[in-house]
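This briefing walks through a protein structure by topic, beginning with a pair of strands and moving on to open and enclosed spaces, cysteines and backbone angles. Please keep the sequence and the model in view while reading.

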Amino acid sequence: MEHVTRGNSFKETAELTHTHRTTVSRLVCIAGEHAQRVHDHHAQDLRVTSLQADERHGFVGRKDQPCWEATVIDPRSKFLVQNAHGARTTDLAVRLLFGARFRLHDPHGVVLFTDGWLPYDSLFPQVFGRPYQPKRHGRRGRFPRLQYRIPRTSGHVRIIKTYHGKRVTDIRIERAAGSQRRIDQELEALGYTTPNTSAVERHNGTARRMNPHQVRKSLAFARLPHVRQTVSDLVNAVYNYCRVHRSLRVKLDEPVGRRQYAQRTPAMAIGIADAVWSMLRLLRTVVLLTPCRS
């Protein structure tokens, strides 16, 4: 598991551990499914005030079969809240945003920063808004379609980039929904001068180095969608619970020897872990699929 989450392909891992490639694939799939259950168990009732969403391009099976991975991250703690795989369609955005919403303590107090992908704009009222039923005109007929109100405690900002070839030529910032005052308050709390998606874009680079199926200019992409999903789940769990993030360290009140800072993982920064987990602790964590009777 440590070899694979360092960006080594299945073939390289098999050579380093003196096993067969299919053995590596089988064990990684088992570990990825377990890591997803651990994340589902711990990543609940998260108290976040802002989220950033983005997508990464990849392949499954062949180079002509693209598979996108969309992620939602908390820019303050760098905690990866939710990810989703599939074609870059509305269904991908639905699974991503609704999956992130169910993990939040207060989904109506979040400012969302995204790129210019249109499904984010159309889905934001349904995901983070408050539903209400409009009155019908008269006593007969159907009730109008369910509507959504955007509370003043939430907002949506789109960072729309214009490309010329592979180079960004223009960036336009647009307030898609919510209160501008609430957005300004969140930017001040984050320490940003302008709205951006820097946290999730930096995570994209980290994920491409940790996940062997997302390394650029490589033929080590996944052959099966299930393998692609489980490897990503394992890498995301290792990133959240096992890897320290330099920007999250805190200064100690009293130095311990030469150590002046306490290192933290995203899970520690968001408050669902009390120590840096090892790979062995992640794999040994017991998660009950169904609650047992007392």
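Strands E9 and E10 form a hairpin with 2 residues between them, and Gly165 in the turn has a positive phi of about 75°. The model is a predicted one, and every value below was computed from it.

**Hairpins**

- E9 and E10, the latter covering residues 167-178, pair in the antiparallel sense, and 10 bridges are found between these two strands.
- Within this pairing, Arg158 stands opposite Glu174, a residue of E10.
- A further hairpin is made by E11 and E12, again described by 2 residues between the strands, and Gly257 in its turn has a positive phi of about 70°.
- E11 and E12 (residues 259-262) run antiparallel and are joined by 3 bridges, and the partner of Val250 across the pairing is Ala262 in E12.
- E11, which spans residues 250-256, is hardly covered, since the count of buried residues among its 7 residues is 0.

**The largest pocket**

- The largest pocket has a volume of about 860 Å³, and 33 residues line it, with Glu55, His57, Tyr163, Arg208 and Arg216 lying nearest its centre.
- Strand E9, seen above in its hairpin, covers residues 155-164 and supplies at least two residues of this lining, as do strand E1 (50-56) and helix H6 (198-210).
- Sorted by class, the lining of the largest pocket divides into 12 charged, 11 polar and 10 nonpolar residues.

**The second largest pocket**

- The second largest pocket has a volume of about 350 Å³, and of the 20 residues that line it, the closest to its centre are Phe10, Arg21, Ala220, Phe221 and Arg223.
- Helix H1 (10-17) and helix H2 (21-42) each give at least two residues to the lining of the second largest pocket.
- The lining of the second largest pocket is made up of 9 nonpolar, 7 polar and 4 charged residues.

**The enclosed cavity and helix H7**

- How many cavities of 30 Å³ or more are there? The count comes to 1 cavity, and the largest cavity has a volume of about 70 Å³.
- The residues that line the largest cavity are Gln36, His39, Leu80, Val81, Gln82, Asn83, Asp233, Asn236, Ala237 and Asn240, and the elements giving two or more residues to this lining are H2, strand E5 (79-86) and H7.
- In the lining of the largest cavity, 6 residues are polar, 3 are nonpolar and 1 is charged.
- Helix H7 has 17 residues, numbered 225-241, and reaches 24 Å from its first C-alpha to its last, which is close to the 24 Å expected at 1.5 Å a residue.
- H7 is also mostly covered, with 14 of its 17 residues buried.

**Cysteines**

- The structure holds 0 disulfides. Why is Cys29 not bonded to Cys67? The closest cysteine sulfur to that of Cys29 is the one in Cys67, and because the two are 14 Å apart, they are too far from each other for a bond, given that a disulfide needs sulfur atoms within 2.5 Å.
- Seen from the other side, Cys67 is in no disulfide, and its nearest cysteine sulfur is that of Cys29, 14 Å away.
- Cys29 is buried, with a relative accessible area of 10%, and Cys67 likewise counts as buried, at 9% relative accessibility.

**Positive phi outside glycine**

- His18, a residue other than glycine, has a positive phi near 60°, and is found in the loop between H1 and H2.
- Is His18 buried or exposed? At 74% relative accessibility, His18 counts as exposed, because the cut-off for an exposed residue is over 50%.
- Lys78 is not a glycine either, yet has a positive phi of about 60°, and lies in the loop between strand E4 (68-74) and E5.
- Lys78 has a relative accessibility of 16% and therefore counts as buried, since buried means under 20%.

Note on methods
Residues numbered from 1 in each chain as written. Predicted model: local features only at pLDDT ≥ 70, side-chain atom pairs only at ≥ 80, totals over all residues. Heavy atoms only, no water. 1 Å grid on protein atoms, 1.4 Å probe; cavity = no way out; pocket = protein on both sides within 12 Å on 5 of 7 lines; lining within 4 Å. Points joined across faces, edges and corners; volume = space filled by probe spheres on them. Helix = DSSP H or I, 4+ residues; strand = E, 2+ residues; numbered from the N terminus. Nonpolar A, V, L, I, M, F, W, Y, C, P; charged D, E, K, R; others polar. Expected span 1.5 Å × (residues − 1). Buried < 20%, exposed > 50% of the residue type's maximum accessible area, 1.4 Å probe, protein only. Pairing = 2+ DSSP bridges.
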